[in-house]
Amino acid sequence: MIVRFIFGFIAVCFFAAGGIFMYFYTEVKHDMNAIINYHPKLTTEIYDRNNNLIANVFDEENRVYVKYDDIPGRVIEALVAIEDTNFFEHKGINVEAIFRAIIKDLKTMSFTQGASTLTQQLIKNIALSNEKKIDRKIKEIILALKLENELTKEQILERYLNEVYFGHGYYGIKTAALGYFRKDLDELSLKEAAILVGLPKAPSSYDPTRHPDLSLSRANRVVERMYEIGWIGRNEYELAMNEEPIIYDDSLTKNKAPYVADEVMKEASRFLPDIKTAGYKIYTSVDLEVQNLARDALIWGYNEILKRDKDANESVLNGAIVVTDPINGDILALVGGVDYQKSNFNRATQSQR
């Protein structure tokens, strides 16, 4: 009788667990699709005729996408070392870490321990909130297990490194490398890579433009971890620990020719409605060197008129310059006013004559 009761109880528990699993599995189908068919918002880049960046244009999220094959191995190693050392071995969740977290939560009577793998972190960034609730955690675990069957480890890392926020308005690791260091990923030193992979844990706190000491401390911990598990040697460790990279505090748009950028956007948006989110690369006939010369010439002429004519009203006086190639008519420079910050009205294209 007792044995039958025990088996009956186990059967009930089994079916109940199965029912709960199926309920949550049905709930997460949409979330799974968002991760597998990953289409993030991407920044459109406008270039001059010599492949120099004129401006970044984006809506909400400033992100330049990078394929997994273009991410250096050292960057991957640094990330895995500090965030999820067993990433390439587990199936989406770290069972041992989850049990440790549950025990700590029970001791403190709270629900604070995350025990999240990189797969789970990706899910939280794309599909789920950061709420510390049991049902959300169950969904996260189910999604992680399912995701590991649908995607390769490399695909998961590619999505993670392009999705997460790196502070300062930078989404994705390539955007952050270009922003903080003015470098592409394959140009980064180990210390620079360590700064970047340390950011997603607390992007605002570790932002190197705002909290350089905290950022370096976090990066040093990444380097130490790589050394502890034998992924770098002593010489590389010491070089990285002693390095203090140069950090740049650039604007997100990096707009070197705002009148040009506005005109390009006005024309392009007529046939590219997703211009701010699709990650286009737009190449123009503009030459930034000529553009800068034209801008400086306009400002010089403006100041000279104010010097000669004391009755001139500096708030009314303005001007514009268009420089074209006499052979083919290409626009080499377009300056629509003396000071874009004071007036974005483009006198070269919008003024009536």
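This passage describes the fold of a predicted model, from the chain as a whole down to single residues.

The overall make-up of the chain is a good place to start. The chain contains 13 helices and seven strands. Of its 353 residues, 42% count as buried. The accessible surface of the chain is about 19,800 Å², and carbon and sulfur atoms hold 54% of that area. Among contacts with a separation of 6 or more, 64% are between residues 24 or more positions apart.

Turning to the strands, an open sheet is formed by three of them in the order S2-S1-S5, with mixed pairing. Strand S2 (53-57) and strand S5 (281-283) take the edges, and each has a single partner strand, so one side of each has no neighbour in the sheet. From one strand to the next, the twist averages 20 degrees. Strand S1 (residues 44-47) runs parallel to S5, and three bridges join the two. Within S1 and S5, isoleucine 46 faces a residue of its own kind, standing opposite isoleucine 282.

Another pairing involves strand S6 (residues 321-324) and strand S7 (residues 331-335), which run antiparallel and are joined by four bridges. Here valine 323 stands opposite alanine 333 in S7. S6 and S7 make up a hairpin with six residues between them. In its turn, glycine 329 has a positive phi of about 85 degrees.

The strands of the open sheet also come into view at the second largest pocket, whose volume is about 330 Å³. Its lining comprises 18 residues, and those nearest the centre are Glu45, Tyr47, Leu53, Leu178 and Lys254. S1, S2 and helix H8 (173-181) are the elements that give two or more residues to this lining. The most comes from H8, which gives four residues.

H8 reappears in the surroundings of helix H3 (residues 73-83). Eight of the 11 residues of H3 are buried, so the helix is largely enclosed by the rest of the structure. The buried residues are Val75, Ile76, Ala78, Leu79, Val80, Ala81, Ile82 and Glu83. Their cover includes helix H5 (118-126), helix H7 (153-163), H8, H9 and helix H10 (212-228).

Just ahead of this helix, proline 72 lies in the loop between strand S3 (62-63) and H3. Its relative accessibility is 22%, and because the partly exposed class begins at 20%, proline 72 belongs there. Leaving aside neighbours within four places in sequence, proline 72 is in contact with Leu185 and Asp186. Proline 72 and aspartate 186 are 114 residues apart along the chain, yet their C-alpha atoms are separated by 6.0 Å.

A further residue worth a look is leucine 190, which lies in helix H9 (residues 190-198). Leucine 190 has 12% relative accessibility and counts as buried, because the cut-off for that class is under 20%. Beyond its neighbours within four places in sequence, leucine 190 is in contact with Arg74, Met226, Ile232, Glu236 and Ala240. Leucine 190 and valine 222 are 32 residues apart in sequence, with a C-alpha to C-alpha distance of 9.8 Å.

Methods:
Residues numbered from 1 in each chain as written. Predicted model: local features only at pLDDT ≥ 70, side-chain atom pairs only at ≥ 80, totals over all residues. Heavy atoms only, no water. Buried < 20%, exposed > 50% of the residue type's maximum accessible area, 1.4 Å probe, protein only. Contact = heavy atoms within 4.5 Å. Pairing = 2+ DSSP bridges. Axes fitted to C-alpha atoms, helices over the stretch in contact; angles between N-to-C directions. Areas by Shrake-Rupley, 256 points an atom, 1.4 Å probe, with all protein chains shown as cover. 1 Å grid on protein atoms, 1.4 Å probe; cavity = no way out; pocket = protein on both sides within 12 Å on 5 of 7 lines; lining within 4 Å. Points joined across faces, edges and corners; volume = space filled by probe spheres on them.
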